[in-house]
There are 2 protein chains.
Amino acid sequence: MNRCPVIAIIGPGLLGGSLALALRARHPNADIRLWARRPEAVAEIAAHPMAVSATTSLSDAVTGAEWVILATPVGVMPTLAAQIANADFAHNCLITDVGSVKGALVHQLEQIFSTGRGRFIGSHPMAGSEKTGLSAAREDLFQGANCIVTPTPSTSAADKQAVIAFWQSLGCRVLSLSPEEHDEKVARISHLPHLVAAVTTLAALRHHPDSLACSGGGFRDSTRVASGDPELWTGIIRENQPAVLAALRDEMDTLRELLEIVEGMDEGKLRDFLAEAKSHRDRLPSGASIYGND
Amino acid sequence: MNRCPVIAIIGPGLLGGSLALALRARHPNADIRLWARRPEAVAEIAAHPMAVSATTSLSDAVTGAEWVILATPVGVMPTLAAQIANADFAHNCLITDVGSVKGALVHQLEQIFSTGRGRFIGSHPMAGSEKTGLSAAREDLFQGANCIVTPTPSTSAADKQAVIAFWQSLGCRVLSLSPEEHDEKVARISHLPHLVAAVTTLAALRHHPDSLACSGGGFRDSTRVASGDPELWTGIIRENQPAVLAALRDEMDTLRELLEIVEGMDEGKLRDFLAEAKSHRDRLPSGASIYGND
């Protein structure tokens, strides 16, 4: 990245806003532009101390940009991409995103941008929160987070390396997977826990709402993401339906296995089941602060 | 509690150790005694800066005690209780515990202590951690935690009030339930999330261990308690089997409901399902630091 890059961030939510804060901290001379659909959001950005420009004009946001980052819900990305595909980007402009699904979407976006001057490569920083919006944005959101980049056979080695370096510069640990591998793994490690948090919240409270007064840290943490935005997550699950279904069916089979153990109250099998889960979970470093929040 | 109370804590693990630290901070003049089964644990306590005495003798620990708190795994509580039931407690001694199940156990312990000078009333502070042992003990473990006390028809109003005041003095929000109500509610709000964390960890990683490299904060938090002690949790589930089974069956039914929605990819129903879960989860205050960790 040159010393005074033009960086356009499309979408001023938690991720777009955090990206603006993180980039501003690392590139004091950069021309950082945040596009928002609503004039009210532009006013909010203008009033924010992060010192980036804001506009409702996609063309103004991306003209001359060396980097464009799509940070909207995945469902609207193709429409927005089509509007900027032939914009007057800087020479060698790279476009990436922060979407939670890749697969068909990456191929679609790659195709859309293939007619113009920029090249698209998908990214998914595993950072987020059950909170949404610019007000929840944090400069350190990406620090220590895993980030998956999803090159395709069309991606050049140099472009792939540039996207990896972009996320590394924000503190991410970067992993490269095909869009399809991304969707399968993320269905299990992110979309599944999200849906299960909703299931457990309902199983615990739907018919027994006053049980909440007895809650401790286990319920608090294991269901935190159930407070996420239903609209956003409906879009994610729709886009990754086959892989999510496979993960949900594995959850169902594993839950049935446990139910049978508890029905028969086989202590040896229950201990083994819990010990097997613990051995997998213990592979995760316990220092929570080094992770993002999605 | 008088100004120089004798307090005996039976069991030097995370909860017993944290209790010793919290009581020491609030009662500088108290004679706090921590009983441990193993001489090595006694040596560890003696070397710990928390300044409490330690012994492997149950009799030495509880003689003259105004308060006795059982802080061992629930499975060994009746055996230990039988050994101290007729000890030379202080006049008006109250015995309580920190066990995760009540029901039959409370009635059993009440019966065991009915022959001696002390009276038993069950307690369950919803504080803990996936970590175990004295080394994980924290003075503030109980600060802001929910604590359930479980009086029975035999409990006097004065004793109930004394146990409530005991936990309130450590910073807990105290709730009084019958032992049976406790077990039903805690099966849903604590035992269920614990078991589901193990199920989700296995569904995510058992056949796809390398998915862990893609993890974010959602997986981290929603499966944290799957790192708990399998032995300890096997005992808890065994003691609360009927209520846990009912909760697991509700989880199964709710998971099946979601699976059908995702199979049919009914966006409206998925949004409603996620929104219903969010509405329940949002009732929990988001300030994580005011809660304990179990």
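Axes here are lines fitted to C-alpha atoms, for helices over the stretch in contact, and angles run from 0 to 180 degrees between N-to-C directions. The model is predicted.

**Stop 1: both chains**

Display chain A and chain B together. Chain B can be laid on chain A by a turn of 180 degrees with a shift of 0.0 Å along the axis, and the RMSD is then 0.0 Å. The two copies are thus related as by a two-fold rotation axis. To locate that axis from chain B, select Ser222(B): of the residues of chain B, its C-alpha comes closest to the axis, at 1.7 Å.

**Stop 2: the side of chain B that touches chain A**

Select the residues in contact between the chains. There are 85 from chain B and 84 from chain A. Colour this side of chain B by element: E8, helix H7 (179-205), helix H8 (217-222), helix H9 (230-239), H10 and helix H11 (267-281) each supply at least two residues. Which of these elements gives the largest share? The answer is H7(B), with 19 residues. Recolour by class, and the side of chain B that touches chain A divides into 46 nonpolar, 20 polar and 19 charged residues. Of the interface residues of chain B, 99% are also interface residues in chain A, so the copies meet through the same surface.

**Stop 3: H7(A) against H7(B)**

Select residues 179-205 in both chains. H7(A) and H7(B) pack at an angle of about 155 degrees, and their axes are 10 Å apart. Angles over 145 degrees count as roughly antiparallel, and H7(A) and H7(B) are therefore roughly antiparallel to each other. H7(A) passes H7(B) in a right-handed crossing. Show side chains for the contact: H7(A) contributes Arg188(A), Ile189(A), Leu192(A), Pro193(A), Val196(A), Thr200(A), Ala203(A) and Ala204(A), while H7(B) contributes Arg188(B), Ile189(B), Leu192(B), Pro193(B), Val196(B), Thr200(B), Ala203(B) and Ala204(B). By class, this contact of H7(A) with H7(B) has 12 nonpolar, two polar and two charged residues.

**Stop 4: H7(A) against H10(B)**

Keep H7(A) and add helix H10 (residues 241-264) of chain B. The two helices pack at about 130 degrees, with axes 9 Å apart. H7(A) and H10(B) are therefore oblique to each other. Is the crossing of H7(A) and H10(B) right-handed or left-handed? H7(A) passes H10(B) in a right-handed crossing. On H7(A), pick out Leu195(A), Val199(A), Thr200(A), Leu202(A) and Ala203(A); on H10(B), pick out Ala247(B), Asp250(B), Glu251(B), Thr254(B), Leu255(B) and Leu258(B). The contact of H7(A) with H10(B) comprises seven nonpolar, two polar and two charged residues. Thr200(A) and Ala203(A) take part here and also in the contact with H7(B).

**Stop 5: H7(A) against H11(B)**

Replace H10(B) with H11(B). The axes of H7(A) and H11(B) come within 9 Å and cross at roughly 60 degrees. That makes H7(A) oblique to H11(B). This crossing is left-handed. The residues to show are Ala198(A), Thr201(A), Leu202(A) and Leu205(A) of H7(A), with Phe273(B), Leu274(B), Glu276(B), Ala277(B), His280(B) and Arg281(B) of H11(B). Six are nonpolar, two polar and two charged. Leu202(A) belongs to this contact and to the one with H10(B).

**Stop 6: the six-stranded sheet of chain B**

Hide chain A. An open sheet of six strands in chain B has the order E3-E2-E1-E4-E5-E6, with parallel pairing. Strand E3 (53-55) and strand E6 (119-120) stand at the edges, each with a single partner strand, so one side of each is left without a neighbour in the sheet. Inside the sheet, select strand E4 (residues 67-70) and strand E5 (residues 94-97) of chain B, which pair in the parallel sense over four bridges. Ile69(B) stands opposite Thr96(B) in E5(B). Now add helix H1 (residues 14-26) of chain B: it lies across strand E1 (6-10), strand E2 (31-35) and E4, running at about 175 degrees to E2(B).

**Stop 7: the three-stranded sheet of chain B**

Finish with the open sheet of three strands in chain B, ordered E7-E8-E9, where the pairing is mixed. Its edge strands are strand E7 (122-125) and strand E9 (173-176), each pairing on one side only. Neighbouring strands of this sheet are turned by 20 degrees against each other on average, direction ignored. Select strand E8 (residues 146-150) of chain B: four bridges join it to E9(B), and the two run parallel. Which residue of E9(B) is the bridge partner of Val149(B)? The partner is Ser176(B). E8 of chain B also supplies at least two residues of the side that touches chain A.

Methods:
Residues are numbered from 1 along each chain as its sequence is written. Chains are lettered from A and ligands numbered from 1 in the order in which they are written. This is a predicted model: local features need pLDDT of at least 70, side-chain atom pairs count only at pLDDT 80 or more; totals for chains, interfaces and linings use all residues. Angles under 35 degrees count as roughly parallel, over 145 as roughly antiparallel, 65 to 115 as roughly perpendicular and the rest as oblique. A crossing is left-handed if the near helix is turned anticlockwise from the far one by less than a right angle, and right-handed if clockwise. Two residues are in contact if their C-beta atoms, placed from the backbone, lie within 7 Å. Ala, Val, Leu, Ile, Met, Phe, Trp, Tyr, Cys and Pro count as nonpolar, Asp, Glu, Lys and Arg as charged, and the others, Gly among them, as polar. Copies are superposed by least squares on the C-alpha atoms of residues with pLDDT of at least 70 in both. Two strands pair if DSSP finds at least two bridges between them.
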